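Subject: Handing over a structure

Hi,

Here is the structure I promised to pass on. Have a look at it first, then read my notes below.

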Amino acid sequence: MTGIGPVEPYHSDEADSPHQDAPTDLSKSNPPHLGIRWAAVPRPRRRLIRALVVIATATGALFAPRPAPHSRATPNPYPWPASVTTLHYKGRGTTPTSFRFEVDIARGTPVTVRRVGSGLPELSASTTPRLPLTVRAGNPRTITVRISVYECAALPPAIELPHLDLLISNETAQQQQSFLFGGTYPHDLRTGLRALCFPNRPSPTPTSPGQDTGDHLTRQ
């Protein structure tokens, strides 16, 4: 017989004779005796035994140990756009309030620059080339940002932490990212706005040679 596990001891109706006792473990009996014993089991009881065997088999499969997941993390081929995008200041443009920036993508899928903001409500920004602009990893692109002023009288006395707000996206997500600049960009921006709004004011004292003029960025 196939498909069942250990069989319960069975006692014949003629068990009143001491020489007719069934063995306590039928699996130890000879195969012909086992078949005879199984045939002698009442049909309802055989159905019950089969059902119990099926339940036991299913339970064992359910709680069987599963292989441990691979512990080594797979690098994400689609990083967030803000984590791979950098913006470098490259100097003045052709007008007092135009500035050149290089967009560089470190790795992953291409990143699209969808919008550039000036970072201040009194200012607006436009770009050349026009947006959207898609930049691929290893192939940086230069954009020129032109700053316009809505109202010169509304400008704050000092522009601290000048930055640009970029809306960027790739296959993973779309993010709004602020890029803050130190070094020459704040000075060039102040000079350009002063020339645009207050052309008759004297220029401030030139930057001392020891002052930091680096164009590296800090991202928020």
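A word on naming before anything else: the helices and strands below are DSSP runs, with at least four residues for a helix (H or I) and at least two for a strand (E), and they are numbered from the N terminus. Also keep in mind that this is a predicted model.

**Overall picture**

The protein has four helices and nine strands. If you follow the sequence, the order is α-α-α-β-β-β-β-β-β-β-β-α-β. Of the 220 residues in the protein, 29% are buried. Taking the contacts between residues at least 6 apart in sequence, 61% of them join residues at least 24 apart.

How far does the predictor trust this? The mean pLDDT of the protein is 76, and 58% of its residues reach 70 or more. There is a stretch, residues 22–29, where the pLDDT is below 50, and in the model it makes 10 contacts beyond near neighbours in sequence. Residues 206–214 also have a pLDDT below 50, with seven contacts beyond near neighbours in sequence.

**Strands 1, 2 and 6**

Let's begin at strand 1 and strand 2. A hairpin of five residues joins the two, and they pair in the antiparallel sense over seven bridges. One pair to look up is Arg 92 with its bridge partner in strand 2, Phe 99. Strand 2 also pairs with strand 6, again in the antiparallel sense, over six bridges. In that pairing, Arg 100 stands opposite Thr 144 of strand 6.

Ser 98 is a good residue to click on here, and it sits in strand 2. Is Ser 98 buried or exposed? Its relative accessibility is 2%, and buried means under 20%, so Ser 98 counts as buried. Leaving out residues up to four places away in sequence, Ser 98 touches Arg 92 and Gly 93, and also Thr 144, Val 145 and Arg 146. A polar atom of the Ser 98 side chain lies 3.2 Å from the backbone nitrogen of Thr 94.

**Strand 4 and the loop after it**

Ala 125 belongs to strand 4. With a relative accessible area of 26%, it falls between the 20% and 50% limits, so Ala 125 is partly exposed. Beyond residues up to four places away in sequence, Ala 125 touches Val 116, Gly 117 and Ser 118, along with Val 145, Arg 146 and Ile 147. Its C-alpha atom is 6.3 Å from that of Ser 148, a residue 23 places away along the chain.

The loop between strand 4 and strand 5 holds Pro 129 and Pro 132. Check the backbone there: the peptide bond from Thr 128 to Pro 129 is cis, with omega near 0 degrees. The bond from Leu 131 to Pro 132 is cis too, with omega near 5 degrees.

**Leu 161, strand 7 and strand 8**

Leu 161 is in the loop between strand 6 and strand 7. Although Leu 161 is not a glycine, it has a positive phi of about 50 degrees. Its relative accessibility is 61%, and exposed means over 50%, so Leu 161 counts as exposed.

Strand 7 and strand 8 make a hairpin, with four residues between them. They pair in the antiparallel sense over seven bridges, and Ile 168 stands opposite Gln 175 in strand 8.

**Helix 4**

I left helix 4 for last. It runs over residues 184–197, and its 14 residues should span 20 Å at 1.5 Å a residue; the end C-alpha atoms are 20 Å apart, which agrees. Which residues of helix 4 are buried? They are Tyr 185, Pro 186, Asp 188, Leu 189, Gly 192, Leu 193 and Cys 197. These cover an arc of only 165 degrees around the axis, so they are on the same side of helix 4. The spacing makes sense: an α-helix has 3.6 residues a turn, so residues three or four places apart point the same way.

What covers these buried residues? The cover includes strand 1 (85–92), strand 2 (98–105), strand 4 (123–128), strand 6 (141–149), strand 7 (163–169) and strand 8 (174–181). So you meet the strands from the earlier sections again here, strand 2 with Ser 98 among them.

Over to you, and have fun with it.

Cheers

Definitions and conventions:
Residues are numbered from 1 along each chain as its sequence is written. This is a predicted model: local features need pLDDT of at least 70, side-chain atom pairs count only at pLDDT 80 or more; totals for chains, interfaces and linings use all residues. Side-chain values use heavy atoms; hydrogens and water are left out. The expected span of a helix is 1.5 Å times one less than its number of residues. Buried means under 20% relative accessible area, exposed over 50%, partly exposed in between (1.4 Å probe, protein chains only). The arc is that of the directions from the helix axis to the C-beta atoms. Contact means heavy atoms within 4.5 Å. pLDDT is the predictor's confidence in each residue, from 0 to 100. Two strands pair if DSSP finds at least two bridges between them. A polar contact is a pair of N or O atoms within 3.5 Å; within protein, one must be able to donate a hydrogen and the other to accept it, and residues adjacent in sequence count only if both atoms are side-chain atoms.
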